[in-house]
Amino acid sequence: MPNAALISQKIAKPHLEIEGDCALSGEFSISGAKNSALVLMAASLLTEESLVLQNVPQLTDIDGMSEILLAMGIGLRRSNDALHINASGLKHVELPYELVHGLRASFFCIGSLLARLGQAKIPLPGGCEIGARPVSEHIKGLKALGAYINVEHGVVTASVPGITNRLKGADIVLDCPSVGATETILMAAVLAEGRSSIENAAQEPEIQDLAKFLNAMGAKVSGAGGPKITIEGVKELHGCNYTVMPDRIEAGTFLLAGAITRSVVSVTPVIPEHLSSVLQKLRDCGCSLEITDNEIKITPKEIKGVDITTQPFPGFPTDLQAPFMALMATAKGTSVITEKIYENRMQHVAELQRMGASIRLQGNTAVIEGVPNLSAAPVCGGDLRSTAAMVLASLSAKGVSKVEGLKHLDRGYSAIEKKLNKAGAHITRY
Ligand code: EPZ
């Protein structure tokens, strides 16, 4: 075996080998939404009664969150796609840094811990590959609800002063429609004394799923999904059996897999209105769509360049910016993609360029000149969605690509190569 191959075999990191120029067909089965399931797990701390979460995806992020809940003394058991949770044994209010640092959603537990036990000690989640990821809005909201917060040595120590140990309702206006801050404040306010409101709230579908879950537990939340949410505090919450909504980002990723391979595929279950802005851009760039209330079928025609700017919901979701750029790299003509949510979410540009994409990057704006064919190459994703973009580009490229970054990919896509191979791809995991 020639030296290079020998060396690469010796140092090969876990990767996917993807045969390009492939055609896909059939139906992609969409799993439960990662970014909803994680926050519902945090909200499960709010009651001592047993509850069941159905349609929980098999992801390393879910495993990580399960580990954190177990470390806090929560009873948790998985059976197939259901999580059986009982937080009556909740006793540790301090989350270990090594578990929190890699899983931002665990910070959202601060709201439910304060509401349930009146205290919490959680490390700051810190930044990640895509940005600084501050939590100032979360902390501002909790302070408004009466929590005492001290941030020292990278740890947020929070407590509820007074003998009742109960937060007080308040009217909160967010400086930015932060998804996590809206969720953290919601979870704190549902057990607060009196009425609360959140203005400039995030409107993502995950917020609506959380509000539905909390109301199923006996909370009184109204207006979720809009810019102003109102919460009437209650004394306690009870258990429930709740099904997590389908993952809109996974569904969008597989629609883009159909578009980039010029294949007719469908995704189900899906809630089409969770993807309105993405579906519009798919139509604008040359795909026809057949939509029912829980299925979307895509038929790509000639794909041409369209412009995208990421925005909070209902605008174009930042989590599909990288996968959509992979499609634009193979489109006819020019497209301009601007990332407005995160300061460093363009790492996939360099990797796409290695595959022959013609992209000019100015700050957070990429100008893409579509090319007839990408060429297979060894590439590496720097975060969850840029790795997904590399998988899509490899499906289209001429030749066999090697995609590294599986530790990112497996956080947000459940057995992505199994689902793609079922639709006709040729992907092997090493
Ligand atoms: C959630 O992150 C998602 N993660 C992200 O998905 C998603 O990209 C993001 O929402 C936006 O839709 C989970 O739900 C676990 P934000 P979150 O607070 O809550 C700034 C994926 O790939 N900001 O809405 O952290 C922040 O810097 C992940 O699945 C402040 O300035 O998002 C960012 O620029 C990636 N101050 C912007 O808001 C704050 O206090 C959006 O952040 C909070 C946020």
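## Around the ligand

In this predicted model, 23 residues surround the ligand, and those that come nearest are Arg104, Glu137, Ser178, Asp319 and Ile341. Let's look at who they are and where they come from.

Three side chains reach the ligand's oxygen atoms through polar atoms, and the table gives each distance.

| Side chain | Distance from an N or O atom of the side chain to a ligand oxygen atom |
|---|---|
| Arg104 | 2.5 Å |
| Arg133 | 3.0 Å |
| Asp319 | 2.7 Å |

How much of the ligand does the protein bury? On its own, the ligand exposes 830 Å², and the protein buries 86% of that area. As for its location, the ligand is found in the largest pocket.

Arg104 and Asp319, both listed in the table, also belong to the group of residues that come nearest to the ligand.

Now for the make-up of the shell. Sorted by class, it holds ten nonpolar residues, six polar ones and seven charged ones.

Which helices supply at least two residues of the shell each? They are α2 (34–43), α6 (136–144), α7 (179–189) and α13 (384–396). Of the shell around the ligand, α6 provides the largest share, with three residues.

Stepping back to the domains, the shell takes at least three residues from domain 1 (4–31 + 246–429) and at least three from domain 2 (34–243). If you are browsing the structure, you will therefore find both domains represented around the ligand.

Methods: Residues are numbered from 1 along each chain as its sequence is written. This is a predicted model: local features need pLDDT of at least 70, side-chain atom pairs count only at pLDDT 80 or more; totals for chains, interfaces and linings use all residues. Side-chain values use heavy atoms; hydrogens and water are left out. A residue is near a molecule or strand if one of its heavy atoms lies within 4 Å of it. A polar contact is a pair of N or O atoms within 3.5 Å; within protein, one must be able to donate a hydrogen and the other to accept it, and residues adjacent in sequence count only if both atoms are side-chain atoms. Accessible areas come from the Shrake-Rupley method with a 1.4 Å probe; for residues, only the protein chains shown count as cover. On a 1 Å grid over the protein atoms alone, a cavity is a set of points where a 1.4 Å probe fits but cannot get out, and a pocket is an open set with protein on both sides within 12 Å along at least five of seven lines; lining residues have an atom within 4 Å of a point. A molecule sits in a cavity or pocket if more than half of its atoms lie within 2 Å of its grid points. Helices (H or I, at least four residues) and strands (E, at least two) are DSSP runs, numbered from the N terminus. Ala, Val, Leu, Ile, Met, Phe, Trp, Tyr, Cys and Pro count as nonpolar, Asp, Glu, Lys and Arg as charged, and the others, Gly among them, as polar.
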